[in-house]
Amino acid sequence: MIVLFLLIGIAPMMVQSGIMIRAYQQSQLESRMQEIQNQCTILSNKLTRGAYLTSEPRDTLLDNEVSVRADMLNGRIAVVDKNYRIISDTFSLSVGRFNVSEEVIKCFNGETTTRYNSRDRYASLTIPIYANDQNKQIEGVMIVTASMDGVLDSIVTVSERASFLHLILIFILAILVVFLVNLLMKPFVKLQRMLNRVEEGNLEEDISSHEYKETERLTEAISNTLKKLKAVDQSREEFVSNVSHELKTPITSIRVLADSLMSMEDAPVELYREFMTDISDEIDRESKIIDDLLSLVRMDKTEGGKLNIAQVNINGLLELILKRLRPIADKRNVEVIFESIREVTADVDEMKLSLALSNLVENAIKYNVEGGWVRVTLDADHKFFYVKVSDSGIGIPEEFQDHVFERFYRVDKARSRETGGTGLGLAITRNIVLLHQGAIKLSSKEGEGTVFTVRVPLTYIP
């Protein structure tokens, strides 16, 4: 930002300065050329009135006048007659020689010329000399060469002073820019310090900066992210705690049963058989918890990634699931109804989707009333297929409905343990549906039953 602001400030200043110096230089050169031309025109008029070209011998006063004028111009003046012969030269180098240059010829034709040689820093002019004031016939040409060193030296002086002024202005601008950038960046530096404290582990750090709209939006986004991180951290702690508790409970029961058996002397065989049956049930429960945890871990690893996608007939998949679960329903005297609106084929992971739908139907059977019913409905449109699992069961109170998809969450813990639930089934189902880029929705009233609706795309796009 400092470099950018300095460039924005310096570039226009340098461009403007360069333009002004060039304009000043051009103006000074033109002014000097006009001054030389005016002085030489005056001298030419004097030579015309004094009949300098025709009088013999020539007037020495006029020769002195020409020499003085040449010295004043810090240059050289030569006079050429109508025969192109040089009759006078302030440097006394070319007297008697001929000059038939283009400029001299043009001047005899009435066209004065002015030329500036930037490399050698001099100006050259041709001025006509007339026969007399009344007769404007050109009798000769005055060739003037004048040094421009004085003008160019003054321009160099102005440029040096301008450069010095530029340095002062750049120094002042640099101080202002550094101050301004520090002022502009202050909220971001403050925000950086806050984030450094968060990086050190202080997730409770209050991050807020309202100086700019940008920093305000940024701090809001960071605060929301931190809230989610805290929630994830808390969820992880709760999950670890729940896992520990769920895994420890069957082991504790097994330990109590085993200790009870070992403390008895001459216990009857029936009691041994009963205790061993309970131990076996607890082992099965422990195994089911571990299997469900492994399913969750495997899904977490494949999240956003690899599913074994294939074209699957959903009608056939649901019929197979219901066939497998009907014996459980018959034991509880629950009627299972399958309603297929249309034939549906979709891109899904058959094994994972089968697990998700089985969990929903099995829960509908387990948490139902005696003589109740479970209805599974399949329908589709041009983009999605829908599986609705409704039951006549006990329902879920409204205050618990937002938590039923959480891991190890149970509405009725006592009944869940009686039915062999681990509290992971709905969490697994939700993860599988999300992996398929679908959605799951719950609708329930306590004592009136529950409806789970699953929506999954017909075509899976990674």
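A helix, as the word is used in these legends, is a DSSP run of H or I at least four residues long, and helices are numbered from the N terminus. Every view below is drawn from a predicted model.

**Close-up of the salt bridge between K366 and E362 in helix α8.** Side chains of opposite charge can pair when their charged atoms come close. In this view K366 and E362 form a salt bridge, and their closest N and O atoms are 2.9 Å apart. Both residues belong to helix α8, which covers residues 350-366, and the four residues that separate them in sequence correspond to about one turn of the helix. K366 and E362 are both buried.

**Close-up of the network that joins K46, E65 and R69.** Salt bridges with shared partners connect K46, E65 and R69 into one network. One of these bridges runs between R69 and E65, with the closest N and O atoms 3.5 Å apart. R69 and E65 both lie in helix α2, which spans residues 60-72, and they are four residues apart, or about one turn of the helix. Which of these two partners is buried and which is partly exposed? R69 is buried because its relative accessible area is 11%, which falls under the cut-off of 20%, whereas E65, at 25%, counts as partly exposed.

**Close-up of E65 and its contacts beyond its sequence neighbours.** When neighbours within four places in sequence are left aside, E65 is in contact with L43 and K46. E65 and K46 are 19 residues apart in sequence, while their C-alpha atoms are 9.1 Å apart in space. The K46 seen here is also a member of the salt-bridge network with E65 and R69.

**Close-up of E35 and R32, a salt bridge within helix α1.** The structure holds 15 salt bridges, and the one shown here pairs E35 with R32, the closest N and O atoms being 3.6 Å apart. Both residues sit in helix α1, which runs over residues 2-49, and because they are three residues apart in that helix, about one helical turn separates them. E35 has a relative accessibility of 36% and so counts as partly exposed, whereas R32 has a relative accessible area of 15% and is therefore buried.

**Close-up of the surroundings of R32 in helix α1.** What does R32 touch, not counting residues up to four places away in sequence? Its partners under this condition are L73, S147, M148 and V151. R32 itself lies in helix α1 and, as in the view of its salt bridge, counts as buried at 15% relative accessibility.

**Close-up of the aromatic pair formed by Y84 and F108.** How many aromatic pairs does the count come to? The count comes to two aromatic pairs. In the pair formed by Y84 and F108 the rings are 5.2 Å apart from centre to centre, with 70 degrees between their planes, and the arrangement is edge-to-face. This pair links distant parts of the chain, with Y84 in the loop between β1 (75-81) and β2 (86-89) and F108 in helix α3 (residues 102-108), 24 residues apart. Y84 counts as partly exposed, since its relative accessibility is 25%, whereas F108, at 16%, counts as buried.

**Close-up of the aromatic pair formed by F384 and Y386.** The centres of these two rings are 6.5 Å apart, and their planes, 55 degrees from each other, make the pair tilted. F384 is buried because its relative accessible area is 18%, which is under the 20% limit, whereas Y386, with 27%, is partly exposed.

**Close-up of the largest cavity and the residues around it.** The count comes to one cavity of 30 Å³ or more, and the largest cavity has a volume of about 50 Å³. Its lining is made by L47, T48, A51, Y52, L53, T54, Y130, A131 and E139. How many residues of this lining are nonpolar, polar and charged? Six are nonpolar, two are polar and one is charged.

Definitions and conventions. Residues are numbered from 1 along each chain as its sequence is written. This is a predicted model: local features need pLDDT of at least 70, side-chain atom pairs count only at pLDDT 80 or more; totals for chains, interfaces and linings use all residues. Side-chain values use heavy atoms; hydrogens and water are left out. Helices (H or I, at least four residues) and strands (E, at least two) are DSSP runs, numbered from the N terminus. Contact means heavy atoms within 4.5 Å. On a 1 Å grid over the protein atoms alone, a cavity is a set of points where a 1.4 Å probe fits but cannot get out, and a pocket is an open set with protein on both sides within 12 Å along at least five of seven lines; lining residues have an atom within 4 Å of a point. Grid points are joined across faces, edges and corners, and a volume is the space filled by probe spheres set on the points. Ala, Val, Leu, Ile, Met, Phe, Trp, Tyr, Cys and Pro count as nonpolar, Asp, Glu, Lys and Arg as charged, and the others, Gly among them, as polar. A salt bridge is a side-chain nitrogen of Lys or Arg within 4 Å of a carboxyl oxygen of Asp or Glu. Buried means under 20% relative accessible area, exposed over 50%, partly exposed in between (1.4 Å probe, protein chains only). Rings of Phe, Tyr and Trp (its six-membered ring) pair if their centres lie within 6.5 Å; planes under 30 degrees apart count as stacked, over 60 as edge-to-face and the rest as tilted.
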